[in-house]
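Q: I've got a model open and I'd like to learn how to read its ring pairs and its core. Can you walk me through it?

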Amino acid sequence: MGGDMLNAMKYISTVPFSGLFNWSVQYLNDSKIAFSKAYPMMRIGEFLKRNKTTVVIEDDVIYKRPRIRVRNGGISLRDEILGEKIGTKNQFLISKGQFLLSKIDARNGAFGVVPEKLDGGIITGNFWTFDVNYDIVNPHYLALLTTTKAFVNFCEQASNGTTNRHYLQEPLFLNIKVPIPSLAEQNKLVKEYNKQIFIAIDSERQVAAKYSDINAILLTELGVNISKETAQKGLATVSFSSLDRWDIGYLQNTSKFSTKYKAVKFRDCIEYFMKSSNGKSLRIETYKTPSKDFRYIGMEHIEKGTGQLLETPIIKGAQVKSQTIAVPDGYFIYGKLRPYLNKYWYNDTNWENLVCSSELFVFKVKESINTRFFEIVLGSSIVQVQITDLTSGARMPRITEDVFMNIQIPIPSFDIQNSIVKRIDKIKGEIKKLQQTATIKYSSALTNFETLIFE
C-alpha cells in the first residue's frame with residue numbers, strides 16, 4: 001500500500017490559491033514554458049500596466065483603428081473612419097510605444113507595439129493596451145518573445161471561452177514569468193532579428209519588382225497597348241454580330257488593348273473546359289468516398305498573382321461536403337471568385353486524386369499553344385484589364401463562364417511563344433532564388449532568437 005501511495009504522489013501537485021487564476025487542468029499541468037535560465041525571470045505584470053483611457057466616439061470626428069496581424073505580423077493602420085459610422089461609442093485610446101494585443105487572437109500571436117502613425121487611435125474592449133516600463137523592457141523584444149510558438153501555446157492554455165471565441169485571461173497573462181536580459185542585450189537581440197528580417201523584406205520587394213518586369217516584358221514582346229477609354233455619353237450602338245452578352249456592365253466595359261498579333265478568345269484556345277479528354281465531367285462529390293484521401297486545392301491555397309501554390313493539404317473525402325473538381329495533369333485552374341486576386345495554377349505534377357474547389361475553373365489549352373506561354377499571359381494585366389469591369393456580385397464578385405471564355409489574348413507563332421517563355425523563365429529563376437533567401441532569413445531570424453531565449 002505504501003508503494004502504491006508513493007507512486008500516486010507523482011500525479012499530485014499543489015498550487016497556491018493566490019496563484020490559481022484558471023481552474024483548467026490543462027493550464028495547471030502544461031502552462032510552464034521552457035525559458036533559458038541564462039537571464040533573470042520577471043512577471044509581465046511588473047513592467048506592463050493596463051491602460052484603460054476611455055473615449056466617447058463623436059460622430060463628426062475621424063478615428064484611426066489598428067489591425068494586429070498574427071504570428072509577429074506587426075500592427076498597421078486598418079482604416080480611418082468617421083465616428084458616425086462606428087457602432088460602439090465607448091472605446092479606448094492607444095498611444096505610440098504602448099504594447100497592444102488582441103485578447104481573442106493572442107492564441108495566434110496577435111501582439112505588437114503601437115507605431116507612431118496610430119498614436120491617438122482607438123480600440124474596442126477586444127483589445128488591450130499596456131503602458132511599458134522602458135527602464136526594464138524594450139517593447140519590441142517583448143513582441144518578439146510573445147509571438148514565439150512556445151508563448152502562443154501558453155496563450156492557448158490561458159484562454160477561456162466556448163466555440164471558437166477563446167479569450168486570453170488578463171491575470172494569467174500578467175502573471176507569467178519571462179526572461180528579461182539587460183536592456184543592452186534586449187536591444188542587441190532585436191537589432192539582430194531585424195537585420196535578418198530587413199534582408200527578407202528586401203528580397204520580397206525585389207520579387208514584386210521582377211513580377212512587374214515580367215508583365216512589362218510580355219506587353220512589349222506582344223506589342224500590347226492597354227488603355228482605359230472614357231465611356232460614351234448618351235446613346236451608343238453595338239453591332240449584333242459582336243454581341244456576346246446583353247448586360248450593361250459588359251456593354252460599357254471600356255478596357256481596351258491593341259496588339260501586333262491576332263487576338264484570340266479563350267474559347268478558341270481551350271480544348272477541354274470542366275471536362276476530361278474523354279469528354280466526361282470533372283465534377284466530383286468527394287463525400288461519397290468518405291475514407292478516400294484527396295489532395296485538395298482551395299482558393300486560399302493559391303498565391304495571388306504568381307501562379308504558385310501555398311500548400312496542398314491531404315483530406316478525407318468526408319471533409320468536403322460541397323462539390324469539387326478533379327484537376328488532371330496538364331490542366332489549368334483559375335479562380336472565378338474575386339478574380340481580381342488573379343489566382344491561377346498549371347498542373348505539371350503527377351499527383352493522384354487531385355481536386356479543387358468549385359470556385360475554380362478547370363481547363364486544358366490546345367496543343368498549338370505553349371502551356372508556359374499561356375500561363376504567363378493568364379497572370380498578366382492583359383487578362384486582368386478585361387476582367388475588371390465584368391465581374392458580377394457586390395460582396396463576393398465572380399466571373400461567369402461566358403465572360404471567361406470571351407477574354408482575348410494575343411497568340412503569336414509557336415517559335416515566338418517559346419522565345420518569350422525562355423526570356424521570362426530566366427527572370428522566374430531569379431525570383432525563385434530571392435524567395436529562398438527570404439524564407440531562409442525569416443526562419444534564421446526566429447531560430448537565432450529562440451535559441452537564446454529557450455532551453
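A: Sure, and keep in mind that this is a predicted model. A search of the whole structure turns up 21 aromatic pairs.

Q: How do I read one of those pairs?

A: You describe two aromatic rings by the distance of their centres and the angle of their planes. Take Phe35 and Phe454: they are stacked, at 5.2 Å centre to centre with 20° between the planes. This pair links distant parts of the chain, 419 residues apart: Phe35 is in the loop between helix 2 and strand 1, and Phe454 is in the segment after helix 12.

Q: Is Phe35 buried or exposed?

A: Buried, because its relative accessibility is 6%. Phe454 is buried too, at 12%.

Q: What kind of pair do Phe151 and Phe173 make?

A: Their centres are 6.3 Å apart and the planes sit at 90°, so call it edge-to-face. Phe151 belongs to helix 4 and Phe173 to helix 5. Phe151 is buried at 0% relative accessibility, and Phe173 is also at 0%.

Q: And how should I think about the core?

A: In soluble globular proteins, nonpolar side chains tend to be buried together. Here the largest nonpolar core has 60 residues, and Phe363, Phe374 and Phe404 have the most contacts inside it. A second, separate core has 37 residues, among them Phe154 and Val178.

Q: Which residues share an aromatic cluster with Phe404?

A: Phe266, Phe273, Phe332, Tyr334, Tyr346, Phe361, Phe363 and Phe374. Leaving aside neighbours within four places in sequence, the contacts of Phe404 include Ile270 and Ile399.

How values were computed: Residues numbered from 1 in each chain as written. Predicted model: local features only at pLDDT ≥ 70, side-chain atom pairs only at ≥ 80, totals over all residues. Heavy atoms only, no water. Core = buried A, V, L, I, M, F, W, Y, C linked by side-chain atoms within 4.5 Å. Buried < 20%, exposed > 50% of the residue type's maximum accessible area, 1.4 Å probe, protein only. Contact = heavy atoms within 4.5 Å. Phe/Tyr/Trp six-rings, centres within 6.5 Å; stacked < 30°, edge-to-face > 60°. Helix = DSSP H or I, 4+ residues; strand = E, 2+ residues; numbered from the N terminus.
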